[in-house]
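The exercises below concern a single predicted model. Please inspect the sequence and the structure before reading each worked solution.

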Amino acid sequence: MATIHLFRHAESLHNVDPYFERTRDPSLSDRGIQQCRDFKLQCWDKRNDADFPFMKSVTHIVCSPLRRAIQSALEAFGPQAGQRRLIVLPELTEISRLPSAFGSSRDELVGEFGDALNVDYLPDDYGTVGRESPWAYELTKIHARVGAAREWLASLARDAGAGSHIVVMAHGQLNHFLADNYEGPKPPGYSAEWDGNLSYRSYLVDPEAGTLHETPESMAKRGAPLISPEDANWIKEFLHERVEKNTAKVRRLYDHNNKNVIGHSRQ
């Protein structure tokens with residue numbers, strides 16, 4: 001069974017400029033691109049103990065269809081990304097009520113990134129956001145797609161075999177739901193940022209339950225557990241209730257978006 005490493009993307013424009021929170025599918029910031037390049041350099045520098053010491057054993061790179069995740073995977077895992085196409089998995093789309101989580105179309109992504117992407121799992125209508133979409137901001141649909149992603153990754157880990165390493169480049173809140181691990185979000189806003197830009201946690205799949213369990217090494221690296229199980233469960237319920245509270249607002253936003261109210265950024 002392979003080890004799965006859940007990454008959050010590097011710094012995006014919407015992380016530093018509120019304007020881009022209202023812009024569809026923003027790119028990485030200049031600082032985010034540099035974060036990826038520094039990460040890659042540090043991981044391949046034989047003089048240092050790498051923060052991610054598994055580069056040579058990466059067998060698959062799976063990423064969210066959002067531009068910031070694709071760019072992070074390509075920039076941070078250059079040699080590996082060049083040897084194999086990134087698997088774009090729509091179930092990894094960020095969980096957010098903001099337009100910055102609305103993805104580009106399949107044709108747009110292929111036009112920009114070309115053969116670097118394997119878009120076999122990305123439907124033709126992925127870029128059409130709406131209340132009927134499987135990627136809609138609705139708790140039941142979120143649980144469904146996160147469960148499907150977990151099952152798909154578990155199957156991939158089984159096929160890859162022991163000693164293999166799978167990189168999943170996704171998003172802060174999505175990763176908390178995917179791993180069912182709610183350590184990290186802090187008051188007052190409980191923004192789900194994983195452990196920061198380009199941070200990762202490592203997981204093994206429970207072969208019986210199909211759930212993800214963080215490795216002891218990963219927990220030690222970040223000093224976990226940082227909060228009690230009771231507090232973690234409270235945060236989980238808080239994030240779930242926040243989705244339910246904002247679902248109606250996001251549905252109205254979908255309707256506006258389909259009338260071309262929201263911009264689309266490739267900056």
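**Exercise 1. A residue between helix 7 and strand 7**

Locate Y190 in the chain, and then describe its backbone and its accessibility.

Solution. Step 1: Y190 is placed in the loop between helix 7 and strand 7. Step 2: although Y190 is not a glycine, its phi is positive, at about 50°. Step 3: most residues other than glycine have a negative phi. Step 4: the relative accessibility of Y190 is 14%; the limit for a buried residue is under 20%, so Y190 counts as buried.

**Exercise 2. Cis peptide bonds**

Identify the bond geometry from P187 to P188 and from A224 to P225, and place P188 and P225 in the chain.

Solution. Step 1: the bond from P187 to P188 is cis, and its omega is near 5°. Step 2: P188 belongs to the loop between helix 7 and strand 7 (200-205). Step 3: the bond from A224 to P225 is also cis, with omega near 0°. Step 4: P225 sits in the loop between helix 8 (216-222) and helix 9. Step 5: for context, most peptide bonds are trans.

**Exercise 3. D25 and its network**

Determine whether D25 is buried or exposed, and which residues are linked with it in a network of salt bridges.

Solution. Step 1: D25 is found in the loop between strand 2 (23-24) and helix 2 (30-44). Step 2: its phi is near 50°, a positive value in a residue other than glycine. Step 3: with a relative accessibility of 0%, D25 counts as buried. Step 4: salt bridges link D25, R67 and E112 in a network. Step 5: within this network, E112 and R67 form a salt bridge whose closest N and O atoms are 2.9 Å apart. Step 6: E112 lies in helix 5 (residues 106-113) and R67 in helix 3 (residues 67-76), so this pair ties together parts 45 residues apart in sequence. Step 7: R67 counts as buried at 0% relative accessibility, while E112 counts as partly exposed at 29%.

**Exercise 4. Two further salt bridges**

Of the 11 salt bridges found in the whole structure, analyse the pair R106 and D124 and the pair E138 and R251.

Solution. Step 1: the closest N and O atoms of R106 and D124 are 3.5 Å apart. Step 2: the pair links distant parts of the chain, with R106 in helix 5 and D124 in the loop between strand 5 (117-118) and helix 6 (139-160), 18 residues apart. Step 3: R106 is partly exposed, at 23% relative accessible area, whereas D124 counts as exposed at 67%. Step 4: the side chains of E138 and R251 meet at 2.9 Å, N to O. Step 5: E138 lies in the loop between strand 5 and helix 6 and R251 in helix 9 (residues 229-257), so the pair ties together parts that are 113 residues apart in sequence. Step 6: E138 counts as buried at 19% relative accessibility, and R251 as partly exposed at 30%.

**Exercise 5. The largest pocket**

Describe the volume and lining of the largest pocket.

Solution. Step 1: the space in the largest pocket is about 570 Å³. Step 2: 23 residues line this pocket, and H14, S96, L98, S191 and A192 lie nearest its centre. Step 3: helix 1 (13-16) and helix 7 (172-179) each supply at least two lining residues. Step 4: by class, the lining holds 5 nonpolar, 11 polar and 7 charged residues.

Conventions
Residues numbered from 1 in each chain as written. Predicted model: local features only at pLDDT ≥ 70, side-chain atom pairs only at ≥ 80, totals over all residues. Heavy atoms only, no water. 1 Å grid on protein atoms, 1.4 Å probe; cavity = no way out; pocket = protein on both sides within 12 Å on 5 of 7 lines; lining within 4 Å. Points joined across faces, edges and corners; volume = space filled by probe spheres on them. Helix = DSSP H or I, 4+ residues; strand = E, 2+ residues; numbered from the N terminus. Nonpolar A, V, L, I, M, F, W, Y, C, P; charged D, E, K, R; others polar. Salt bridge = Lys/Arg side-chain N within 4 Å of Asp/Glu carboxyl O. Buried < 20%, exposed > 50% of the residue type's maximum accessible area, 1.4 Å probe, protein only.
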